[in-house]
Amino acid sequence: MTGARPALSRRLRLMGIAISLTAASLMAAAPAGARGPDGIADIAEKVIDSVVNISTSQSVEAKGGGREAVPQLPPGSPFEEFFDDFFKNRRGGGSPKGGEKSGEMQPPRKTNSLGSGFIIDAAGVVVTNNHVIADADEINIIMNDGTKIKAELVGVDKKTDIAVLKFKPVKPVNAVKFGDSDKLRLGEWVIAIGNPFSLGGSVTAGIVSARNRDISQGPYDSYIQTDASINRGNSGGPLFNLEGEVVGVNTLIISPTGGSIGLGFAVPSKTVSRVVDQLQQFGELRRGWLGVRIQQVTDEIAESLNIKPARGALVAGVDDKGPAKPAGIEPGDVVVKFDGKDVKDPKDLSRVVADTAVGKEVDVVIIRKGKEESRKVTLGRLEDNEKVQQAAAKTKEDPVEKPVTQKALGLDLAALSKDLRTKYKIKESVKGVIVTGVDGNSDAAEKRLSAGDVIVEVAQEAVTNAADIKKRVDQLKKDGKKSVLLLVSNGEGELRFVALSVQ
């Protein structure tokens, strides 16, 4: 890309002037204390040689007709020369504007990507993100001095997006240590070092904006949020505290532009260090398994269960072969403490169970019918290949015999007959009262109850007919209750709790 560099350099210089002038104006008006701590330069100098660039290559099948789309630019555009040269070099000198017959099959081509990582062991152990090296045919470590060394994959954990690599150093290298991410405070200064936009060895600083951030990227989300500039290519790079310890692995950003807008997220070191230890020891993750399905304790559910304030993880189902079953944990129990740690919500329980060693006996505190009880559970191992069962599709065929229904809570309810089991594909093991219709303006419709759902319990007591449900709902109204807790099953037997207003 020799021809592209001068044009690109001119543009970068112009951008640099504009940014520098703006920054100078701001700095003149800003108090000295707003510039951040004085020790950043010393820390960066100390750790920067431990931060590496990661280069990967992958063979990709070329499709007939052959090639990636070339950006359409107006003639004379300052970017035209850059993109022309870019595509010529990627394609080995071919013109981006023609030269290949339509439909002609092209040989597999190599694609390259760049990310970041950091050395945690002077023997040549590197931590990065899984998405940096995913599907790579070849991985290379590029040291801060430009030395390029081939690396091997030790193991990956897709659920936390962490990967461990191994390489043979050609000379002594520096390693960094993990710090305690649990000790981070909001507003604390942190430093990100990585390879943004393939520039390499870039240092940025900012503060911890939030901790334990759940952005729905995975089952164990607990990100550190920072406003330190993190961009494309920073993935896998370290987030340092002011002691020069790694407190997180920079993993993703939220941005409408593709560049940093101050919303960067890092996997906390507490999570990373455990994952790294297991990948080095076993080449895979061995997570604890409780064997329950859980859901949120809403205010309505908490009121129904006499729990104040709303907290914990509501057990909606118990695996017959899981560790919770022999320990006596049942659907309707609310887990409020696990192995001495408070459980505020289902995510808390998922994370703490996963982080607990397989085979460890732990104390689990539950609330059952308004009272706290303790159970001892020996954890099993979560298998990654476990699949969540999907509810069977419901048919719309008319039943042979019209069922006798009663109305309650905005629901049409009927006894489970053979015809209704066939119509809605309800397993024989599912017992209760079936919903055959839902009032579209009811609380039940808002809570997504639908025809084919089976009500198993009302206020934690089993029901076998519609009259039972109506009787119990009427009693709850007399007792002044605002809501009733239903245990609902789908046709496959998967349970969930739903709280409906009785007013």
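Start by selecting Asp-320 and Lys-325: their side chains form a salt bridge, with the closest N and O atoms 3.6 Å apart. Keep in mind as you click around that this is a predicted model. Asp-320 counts as exposed, at 63% relative accessibility, while Lys-325 is partly exposed at 44%.

Why do these two get together? Side chains of opposite charge can pair when their charged atoms come close. You'll meet that again, as the structure holds 26 salt bridges.

**Next stop: Arg-368 and Glu-330**

Select Arg-368 and Glu-330, another salt bridge, where the closest N and O atoms are 3.9 Å apart. Arg-368 sits in strand 18 (residues 361–368) and Glu-330 in the loop between helix 7 (324–327) and strand 16 (334–338), so the pair ties together parts that are 38 residues apart in sequence.

Is Arg-368 buried or exposed? Arg-368 counts as buried, with 16% relative accessibility, because the cut-off for buried is under 20%. Glu-330 is partly exposed, at 41%.

Now add Asp-333, Glu-373 and Arg-375 to your selection: together with Glu-330 and Arg-368, they are linked in a network of salt bridges.

**Over to Lys-270 and Asp-182**

Here the side chains of Lys-270 and Asp-182 meet in a salt bridge of 3.0 Å, N to O. Lys-270 belongs to helix 5, and Asp-182 to the loop between strand 6 and strand 7; this pair links distant parts of the chain, 88 residues apart. Both ends are partly exposed: Lys-270 has a relative accessible area of 48%, and Asp-182 has 39%.

**Into the nonpolar core**

Stay with helix 5, but look at Val-272. Which residues does Val-272 touch, leaving out those up to four places away in sequence? Select Val-127, Ile-162, Phe-178, Val-249 and Val-267 to see them.

Val-272 is also one of the residues with the most contacts inside the largest nonpolar core, which has 27 residues. Others on that list are Phe-118, Val-127, Ile-162, Ile-193, Phe-240 and Val-276.

To see where this core comes from, colour the elements that give two or more residues to it: helix 2 (40–47), strand 2 (109–121), strand 3 (125–129), strand 6 (162–167), strand 7 (189–194), strand 11 (246–253), strand 12 (264–268) and helix 5 (269–282). Helix 5 gives the most, with four residues.

**Last stop**

Finish by selecting Val-433, Ile-455, Ile-469 and Leu-500. These are among the 21 residues of a second, separate core.

Conventions
Residues numbered from 1 in each chain as written. Predicted model: local features only at pLDDT ≥ 70, side-chain atom pairs only at ≥ 80, totals over all residues. Heavy atoms only, no water. Core = buried A, V, L, I, M, F, W, Y, C linked by side-chain atoms within 4.5 Å. Buried < 20%, exposed > 50% of the residue type's maximum accessible area, 1.4 Å probe, protein only. Contact = heavy atoms within 4.5 Å. Salt bridge = Lys/Arg side-chain N within 4 Å of Asp/Glu carboxyl O.
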